[in-house]
Amino acid sequence: MLELQMRVAGVVAIVLGLAHLVLPRLLGWPAGLVAVSPLSRLVVGLHTGFIGLTCVVLGALLWPVDELLAPGALATTVLAAQTVFWGARWLCELLLVGRVVRAAPLAWRAAHVVGLGGWAWLTAVPLTALLTR
């Protein structure tokens, strides 16, 4: 079951990464970033792209399940890095996003609740693999 969860988590991470291709339009960034300098717009765009790429890479790294569940320093490092990355994202959702979405429309508040569960699950999968292998 853990093997399946790891592969599903990998697919979810890859989909999240690819979603960064449409995230700026979804959030209305082109219009929202008109007032900032061209350099700031570039930095926002680059960081969004690299966060998306990081999600895709982290998702792909969850696919060699047999190797990740075997003893070894590399597997331990990959699983620990996944746990830290997704755990940090969960904390951001909990501590930062929650403040902003309180005044947002119902759909955004619902997405926040789903996000809390999703980020917790993406954290728990590699953590469980790390602790049980």
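Here is a short tour of a predicted model, stop by stop, for you to follow in your viewer.

**Stop 1: the whole chain**

Start zoomed out, with the protein chain drawn as a cartoon. You should find seven helices and zero strands. Walk along from the N terminus and the elements read α-α-α-α-α-α-α. If you draw a box along the principal axes, the C-alpha atoms fill roughly 50 × 30 × 20 Å.

Now switch on the surface. The protein chain exposes about 8200 Å², and carbon and sulfur atoms supply 78% of that area. How much of the chain is buried? Of its 133 residues, 26% count as buried. As for who touches whom, take the contacts with a separation of 6 or more: 76% of these join residues 24 or more positions apart.

**Stop 2: α1 against α4**

Select residues 2-19, which is helix α1, and residues 38-61, which is helix α4. Two packed helices are described by the angle between their axes and the distance between the axes. Here the axes come within 7 Å and cross at roughly 165 degrees. That angle is over 145 degrees, so α1 is roughly antiparallel to α4. The crossing of this pair is left-handed.

Next, show side chains where the two helices meet. On the α1 side, pick G10, A13, I14, G17 and L18; on the α4 side, pick G52, C55, V56, G59 and A60. What kinds of residues make up this contact? There are six nonpolar, four polar and no charged ones.

**Stop 3: α4 against α6**

Keep α4 selected and add residues 73-101, helix α6. The axes of α4 and α6 come within 11 Å and cross at roughly 140 degrees. That makes α4 oblique to α6. The handedness to look for is left-handed.

For the contact itself, show T54, C55, L58 and L61 from α4, then V78, Q82, F85 and W86 from α6. This group divides into six nonpolar, two polar and no charged residues. You have met C55 already: it also takes part in the contact with α1.

**Stop 4: T128 and L2**

Finish by selecting T128, which sits in helix α7, residues 106-132. Is T128 buried or exposed? Its relative accessibility is 36%, so T128 counts as partly exposed. Now add L2 and draw a distance between the two C-alpha atoms: they are 8.1 Å apart in space, although 126 residues separate T128 and L2 in sequence.

Note on methods. Residues are numbered from 1 along each chain as its sequence is written. This is a predicted model: local features need pLDDT of at least 70, side-chain atom pairs count only at pLDDT 80 or more; totals for chains, interfaces and linings use all residues. Side-chain values use heavy atoms; hydrogens and water are left out. Axes are lines fitted to C-alpha atoms, for helices over the stretch in contact, and angles run from 0 to 180 degrees between N-to-C directions. Helices (H or I, at least four residues) and strands (E, at least two) are DSSP runs, numbered from the N terminus. Angles under 35 degrees count as roughly parallel, over 145 as roughly antiparallel, 65 to 115 as roughly perpendicular and the rest as oblique. A crossing is left-handed if the near helix is turned anticlockwise from the far one by less than a right angle, and right-handed if clockwise. Contact means heavy atoms within 4.5 Å. Ala, Val, Leu, Ile, Met, Phe, Trp, Tyr, Cys and Pro count as nonpolar, Asp, Glu, Lys and Arg as charged, and the others, Gly among them, as polar. Buried means under 20% relative accessible area, exposed over 50%, partly exposed in between (1.4 Å probe, protein chains only). Accessible areas come from the Shrake-Rupley method with a 1.4 Å probe; for residues, only the protein chains shown count as cover.
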